[in-house]
Amino acid sequence: MNHVVVVGAGLAGVRSVEALRARGFAGTITLMGEEAHRPYDRPPLSKSVLLGETDSTVVDSDLDALEVDFRAGVAAKGLRPGVVETTEGEVAYDGLVIATGARPVRLRGDGEQHVLRTIDDALALRERLVAGTRVAVIGAGWIGAEVATAAARANCAVTVVEAADLPLSQALGPVGAHTARWYEQAGVELRLGVQVASVDHDGLTLADGSRVRADVVVTGVGVRPAVEWLAGSGVELDNGVVTDEHLRTSLPGVVAVGDCAAWWSRRYGRRLRVEHWDTALGAPEVAVAALMGGDAVYDPVPYFWSEQFGHMVQYAGHHDDELLVLRGDPATDPRWGACWVREDGRLAAVLAVNRPRDLLQGRRLIEGGQRLDARRLADPAVALRDC
Ligand code: FAD
């Protein structure tokens, strides 16, 4: 293998380059990304960047020392075995890493709608968050909550509309209800069970015909894997790039990592596509090993964090309908959490609100697969590792 091409210059892309060199790959590496920027981190975009604390989140990686041919502003348009078609011509490869991440979903309507995926998105939105501005945020998921936090901090008049009956319902199910009071405490109006019909010039039209007037609309209703360029390439697609447990795609010599990859998880016995920073950080090492002929398995306990309304929210694992045990009383204690426990007493997932130690211990317990006493879990005074 003489030439590896990495498509997508986000965290997963740059980590792939680092992993290739760390494994001793001495051939040519081309890293291409459609954005005009050096690789940067996205989590701070909805936190410190929106809050005006920083303007740059460039990843601390020395591309010169890595001897990578970095091509900013170049997009892949198509793929056939051995060749990536790009906006600047064809690039032949021996090994290919697909790391094209995901793109935000936009809603119907002629009005301007901000999304938050890139540094340009964040800087453009930040400029609009000035005192007194009416901001409508669509979606009370992770991004919506963080945008609402920043907008409220800037003294905007913020309304968050959410189609589900709870905030964070997709990620946390009923537990998300306990975050609703944070909106109220921050002076943010939270409207639940509300469907948006369209984004218009002066705000939102809801499905029942009523209006939400706004100067700025931010759509935070999720993302789709950025894999349209792979259509017809022979790479199997199904909610992202389908990979095996080694992160190999259906095309020889091609691996996929980060937000765009739907990998087979041995741990959960199902395919997972996880839009988390930690996955973009960790998966490239395994994918690159596979590209170089190894057979390491990617099987992490997924981990995510969010900073919203002054709270550090951390989640590890993966849950469906396991037994839910609350740790502490969210109504009275700012430090609380939740555990999802399987029938066999093993921990499936843990949520820690302002309880970083719970997260660390919970993640280890999930990895180790120890059986726990669900009654002890409910007592927040008992350390998770002692349950
Ligand atoms: P990306 O970072 O999306 O990078 C993919 C790159 O590929 C992009 O630059 C894109 O332009 C480029 N690209 C796409 N198509 C093409 C093409 N055809 N040709 C060339 N280039 C292409 N995760 C957490 O765990 N905690 C958080 O608090 C958190 N906060 C977040 C806040 C925001 C605002 C956002 C957007 C994400 C956040 N995430 C968070 C998620 C985390 O940032 C992502 O999981 C991570 O960035 C995924 O990295 P990636 O490299 O797979 O994809």
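**Ligand shell and nonpolar cores**

Visitor: Where does the ligand lie relative to domain 1 and domain 2?

Guide: This is a predicted model. Domain 1 covers 3–103 + 223–291 and domain 2 covers 106–219. Both give residues to the shell around the ligand, so the ligand lies between them.

Visitor: Which residues come nearest to the ligand?

Guide: The shell draws at least two residues from each of α1 (11–22), β2 (28–33), α6 (277–291) and β21 (303–308). By class it has 19 nonpolar, 10 polar and seven charged residues. Of the 36 residues around the ligand, those that come nearest are G8, G10, R42, G101 and G258.

Visitor: Which helix gives the most to the largest nonpolar core?

Guide: The largest nonpolar core has 64 residues, and V135 and A148 touch the most other members. With eight residues, the helix that gives the most to this core is α3 (residues 142–153).

Visitor: Which residues does A148 touch, leaving out those up to four places away in sequence?

Guide: A148 belongs to the largest nonpolar core. A separate core of 50 residues includes V227, A256, A261 and A289. Beyond four places in sequence, A148 touches V137, V158, V160, Y183 and V188.

Visitor: What is the radius of gyration of the protein chain?

Guide: The protein chain has eight helices and 25 strands. For 387 residues the globule rule gives 21 Å, and the computed value is close to that, so the chain is as compact as a globular protein of that length. The radius of gyration is 22 Å.

Note on methods:
Residues numbered from 1 in each chain as written. Predicted model: local features only at pLDDT ≥ 70, side-chain atom pairs only at ≥ 80, totals over all residues. Near = placed C-beta within 6 Å. Helix = DSSP H or I, 4+ residues; strand = E, 2+ residues; numbered from the N terminus. Nonpolar A, V, L, I, M, F, W, Y, C, P; charged D, E, K, R; others polar. Domains from an automatic or database assignment. Core = buried A, V, L, I, M, F, W, Y, C linked by C-beta atoms within 7 Å. Buried ≥ 20, exposed ≤ 12 C-beta atoms within 10 Å, placed from the backbone. Contact = placed C-beta atoms within 7 Å. Rg over C-alpha atoms; globule rule 2.2 N^0.38 Å.
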